[in-house]
Amino acid sequence: MQYDELLALAAEYEARLTTLQVASTLPEAPDVAQVEDLVVALQAEWLKARGEL
C-alpha cells in the first residue's frame with residue numbers, strides 16, 4: 001500500500017467514525033456504577049462455578 005492510499009483510507013475511516021458518532025445513541029460517558037455491578041456479578045459467577053464461593 002502506498003502512503004497516499006493509506007492517508008486516503010484513514011480519511012475515509014475518520015469520516016465514517018464521525019458519521020457514526022453523530023448518529024450514535026450511546027451516552028457520552030459510561031454508567032460506572034452499572035459496569036462495577038456487572039464486574040462484581042461476573043466475578044461471583046466465575047467463583048461459584050469454580051466452587052470457590
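**Surface and overall form of a two-helix model**

Glu52 is partly exposed, its relative accessible area being 45%, in a structure that is a predicted model. This value falls under the 50% above which a residue is called exposed and is not under the 20% that defines burial, and Glu52 is therefore assigned to the class in between. The side chain of Glu52 is paired with that of Arg50 in a salt bridge, in which the closest N and O atoms are 2.7 Å apart, and the structure holds one such salt bridge in total. Between these two partners in the numbering stands Gly51, which follows just after helix α2 and takes a positive phi of about 75°.

The secondary structure comes to two helices and zero strands. Helix α1 runs over residues 3–23, and helix α2 over residues 32–49. For the 18 residues of α2, a rise of 1.5 Å a residue leads to an expected span of 26 Å, and the C-alpha atoms at the two ends of the helix are indeed 26 Å apart, so that expectation and model agree.

In overall form, the protein departs from a compact globule of 53 residues, for which a radius of gyration near 10 Å would be expected, whereas the protein has 20 Å. The C-alpha trace extends over about 55 × 30 × 10 Å along its principal axes. Buried residues account for 0% of the 53 residues, and the protein exposes about 5,200 Å², of which 61% is supplied by carbon and sulfur atoms.

Two residues of helix α1 illustrate the surface in more detail. Tyr3 belongs to this helix and is classed as exposed because its relative accessible area, 60%, lies over the 50% cut-off. Together with Met1, Leu6 and Leu7, Tyr3 makes a nonpolar surface patch of about 500 Å². As regards the arrangement of side chains along a helix, an α-helix has 3.6 residues a turn, so residues three or four places apart point the same way.

Arg16 likewise lies in helix α1, but with a relative accessible area of 47% this residue is only partly exposed, since the value does not pass the 50% needed for the exposed class. The C-alpha atom of Arg16 is separated by 21 Å from that of Ala29, a residue 13 positions away along the chain.

Conventions. Residues are numbered from 1 along each chain as its sequence is written. This is a predicted model: local features need pLDDT of at least 70, side-chain atom pairs count only at pLDDT 80 or more; totals for chains, interfaces and linings use all residues. Side-chain values use heavy atoms; hydrogens and water are left out. Patches are made of residues with over 30% relative accessible area and no salt bridge: like charges are joined within 9 Å, nonpolar side chains (Val, Leu, Ile, Met, Phe, Trp, Tyr) within 5 Å. Accessible areas come from the Shrake-Rupley method with a 1.4 Å probe; for residues, only the protein chains shown count as cover. A salt bridge is a side-chain nitrogen of Lys or Arg within 4 Å of a carboxyl oxygen of Asp or Glu. Helices (H or I, at least four residues) and strands (E, at least two) are DSSP runs, numbered from the N terminus. Buried means under 20% relative accessible area, exposed over 50%, partly exposed in between (1.4 Å probe, protein chains only). The radius of gyration is taken over C-alpha atoms; the globule rule is 2.2 Å times the number of residues to the power 0.38. The expected span of a helix is 1.5 Å times one less than its number of residues.
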